[in-house]
Amino acid sequence: MGSSGASMGGAAGQGRQAGGTPRAALADLLTGNRRFVSGQPIHGHDVTAAAAASGDQQPYAVVLGCIDSRVPLEAIFDQTFGAICVIRTGGHVLDRAVCGSIEYVVGQLGVPLVMVLGHERCGAVGAAVDALRTGQRPGGSLAHLVDEIAPAVTEVGIDDPAVHPLAIRRHVRRTVGTLRADDLLAGPIAAGRVAVVGGLYDLATGEVALLDPG
């Protein structure tokens with residue numbers, strides 16, 4: 001997974017963290033997204049960039065996103081090799097492996113920023129909406145995704161005409177809230193060393209908008 005380092009409260013991996021603060025890390029991510037949207041990215045993903053980043057990893061952010069093939073996370077933030085850690089699950093659903101991975105990069109690599117990124121027209125959220133409307137829970141492990149997203153759909157209201165887009169936003173906020181309450185993240189967050197934020201990716205424009213906690 002990477003080089004070992006300090007405990008959750010330590011100072012491991014401070015090399016390239018965009019200033020080493022949550023605010024600086026978020027600013028760097030969003031600046032990269034603006035380059036991407038404007039058609040002026042600066043990072044070409046070529047072998048020389050891979051070689052340059054082949055030493056100890058010193059990322060400054062971890063981004064949890066959906067598996068949707070239209071949302072390549074390194075590209076939409078215009079980030080090169082070694083800059084960010086990426087985790088992708090259907091509907092950015094959390095499980096123990098995902099939470100453990102985030103705890104690792106925060107605690108061992110000193111990453112100051114965690115972003116949860118949803119996107120418009122998310123199929124996983126759509127599956128949860130359909131399951132609640134029809135009363136037909138899918139089989140297999142897909143049921144786990146639906147079960148984890150369903151509370152956001154219920155909170156919005158299954159009869160709301162805008163349930164799908166509203167539930168996408170609500171699910172991002174719920175995921176952010178769960179991570180902020182994580183036992184190994186809560187302390188660094190309270191101390192101001194780490195921030196967990198939510199965002200929404202627009203499939204049509206490529207723009208990432210931050211979501212307020214509400």
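Two strands count as paired if DSSP finds at least two bridges between them. Strands (E, at least two residues) and helices (H or I, at least four) are DSSP runs, numbered from the N terminus. This is a predicted model: local features need pLDDT of at least 70, side-chain atom pairs count only at pLDDT 80 or more, and totals for chains, interfaces and linings use all residues. Residues are numbered from 1 along each chain as its sequence is written, and side-chain values use heavy atoms, with hydrogens and water left out.

Start with the sheet. It is open, has five strands and follows the order β2-β1-β3-β4-β5, with mixed pairing. The edges are β2 (84-88) and β5 (208-211), each pairing on one side only. On average, neighbouring strands are turned by 30° against each other, direction ignored. Helix α4 (residues 96-107) packs on this sheet and touches β1, β2 and β3 (113-119). Contact here means heavy atoms within 4.5 Å. The direction of α4 makes about 175° with that of β2. Such angles run from 0 to 180 degrees between N-to-C directions, with axes fitted to C-alpha atoms, for helices over the stretch in contact.

At one edge, β4 (residues 195-201) and β5 run antiparallel, joined by four bridges. Tyr 201 has Val 208 in β5 as its bridge partner.

What fills the interior? A nonpolar core is a set of buried Ala, Val, Leu, Ile, Met, Phe, Trp, Tyr and Cys residues joined through side-chain atoms within 4.5 Å. Buried means under 20% relative accessible area, exposed over 50%, partly exposed in between (1.4 Å probe, protein chains only). The largest core has 37 residues, and Ile 102 and Leu 179 touch the most other members. Elements supplying at least two residues each include β1, α4, α6 (142-156) and α7 (163-180). Beyond four places in sequence, Ile 102 contacts Ile 87, Val 114, Leu 179 and Leu 185. A second, separate core of 20 residues includes Ala 25, Leu 26, Leu 30 and Val 71.

Now two polar residues. Asp 68 lies in the loop between β1 (61-65) and α3 (73-76). Asp 68 is buried, at 12% relative accessible area. Its side chain makes a polar contact with the side chain of Arg 70 at 2.7 Å. A polar contact is a pair of N or O atoms within 3.5 Å; within protein, one must be able to donate a hydrogen and the other to accept it, and residues adjacent in sequence count only if both atoms are side-chain atoms. Farther along the chain, Asp 68 touches Arg 88 and His 119, with neighbours within four places left aside.

Arg 133 sits in helix α5 (residues 123-134). Its side chain reaches the backbone oxygen of Ile 158 at 3.5 Å.
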